[in-house]
Amino acid sequence: MLTKAETYYLEKLKQWENELRSERPNKILHLYTDYINTGLTYLPEMQKQKILRSLDNILFHLHAILFNSTFQRNTAQKLMQQARVHNESIFTLKDMTKLNIDQLQSIADKQMAHYRMLASAQGALASKHTGFLIGDFLSILIINLRAVQILASIYGRPAESPNEIMTALKVFCAGCLPKEQRLEAWNELMVEQEQEQQGFFYNGKEEIVQEKMLYTILTELIKLSMLVFFRGKSSYKGTIIGAAVNYHFTKKITEMAHHFYQKCYLLSKREENLS
């Protein structure tokens, strides 16, 4: 049986899932989405698949570089130090599950706020400096991949095994999707988790980036084009656009990742109590 706090957070997750089911894009966004999707139909299938395979490789290698970096090890140590304030027996990231749900939520909230502000700052700098503008797309990928890795670690699931690596990458991609497509991606993630049961090897679909994510890439490129335009016209408008778009993008991904790993944690707790 779950504690009162765990039951409370599980109910909040159910409310969020209901919001996903009832989400409808506004008319302007719907027209914008249709316009981009129509444009994608003119892209030859061979070129489309080539782009998707390239994105798969980019995300996989970026993830590996980030996870094996000194920065990741330092971050992991800081997370465990924060956790030991509440429980002195935490010495690995997998030990993070020894914390109660309120403690995990508190640590996750701080990390999500940090990465959202980091993304905002990157967007603002991109509107002022050409160097930041050129690297903005890569930077926002790195920031959000790191955010997903951190949230996975907070809930005791560091992306060390093939299964956890693929899960983290798919969670990232699900967060990138437009509103009307996130529910389907969420359901797919939950079904895969139920089937995999957190094994070491990954047996699900090997494609990380789906065709739907091309919408996100085009949206990001449009944002960069607007930054270039406003850079010459009004640096103030460019700064607002860059910061706001990056913040919103990171908010979507961190929200998806946090809800996913939190739900997996709570379902795992419920199963432990039943057994």
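Modeller: Before we start on this predicted model, one term: a residue is buried when its relative accessible area is under 20%, and exposed when that area is over 50%.

Colleague: Thanks! With that in hand, what makes helix 7 mostly covered?

Modeller: Of the 19 residues in helix 7, 15 are buried. Each of those falls under the 20% cut-off, so the helix is described as mostly covered. For the protein chain, buried residues make up 48% of the 275 residues.

Colleague: How do you know that the span of helix 7 is close to the expected one?

Modeller: Helix 7 covers residues 136-154, and its first and last C-alpha atoms lie 27 Å apart. The expected span is 1.5 Å times one less than the number of residues, which for helix 7 comes to 27 Å. The two values therefore agree closely. Just after the helix, Gly156 has a positive phi of about 75 degrees.

Colleague: Which part does helix 7 play in the largest nonpolar core?

Modeller: That core has 60 residues, and Val148, Ile154, Tyr155, Val171, Phe172, Phe260 and Tyr261 have the most contacts inside it. Several elements give it two or more residues, among them helix 1 (4-22), helix 8 (162-176) and helix 11. Helix 7 supplies the largest share, with 10 residues.

Colleague: Now a lysine. Why is Lys263 called buried?

Modeller: Lys263 has a relative accessibility of 14%. That is under 20%, so Lys263 counts as buried. Its place is in helix 11 (residues 235-274).

Colleague: And what makes the pairing of Lys263 and Glu17 a polar contact?

Modeller: The side chains of Lys263 and Glu17 are joined at 2.6 Å. A polar contact needs N or O atoms within 3.5 Å, one able to donate a hydrogen and the other to accept it, so this pair qualifies. Leaving aside neighbours within four places in sequence, Lys263 is in contact with Leu13, Glu17, Trp186 and Met190.

Colleague: Which residues does Phe260 touch, with neighbours within four places in sequence left aside?

Modeller: Phe260 is in contact with Arg157, Thr167, Val171, Trp186, Leu189, Met190 and Gln193. Trp186 and Met190 are also among the contacts of Lys263.

Colleague: How many helices and strands does the protein chain have?

Modeller: It has 11 helices and 0 strands. Among contacts with a separation of 6 or more, 80% are between residues 24 or more positions apart.

Colleague: Finally, how much area does the protein chain expose?

Modeller: About 14600 Å², with carbon and sulfur atoms supplying 59% of it.

Conventions: Residues are numbered from 1 along each chain as its sequence is written. This is a predicted model: local features need pLDDT of at least 70, side-chain atom pairs count only at pLDDT 80 or more; totals for chains, interfaces and linings use all residues. Side-chain values use heavy atoms; hydrogens and water are left out. Helices (H or I, at least four residues) and strands (E, at least two) are DSSP runs, numbered from the N terminus. Buried means under 20% relative accessible area, exposed over 50%, partly exposed in between (1.4 Å probe, protein chains only). Contact means heavy atoms within 4.5 Å. Accessible areas come from the Shrake-Rupley method with a 1.4 Å probe; for residues, only the protein chains shown count as cover. A nonpolar core is a set of buried Ala, Val, Leu, Ile, Met, Phe, Trp, Tyr and Cys residues joined through side-chain atoms within 4.5 Å.
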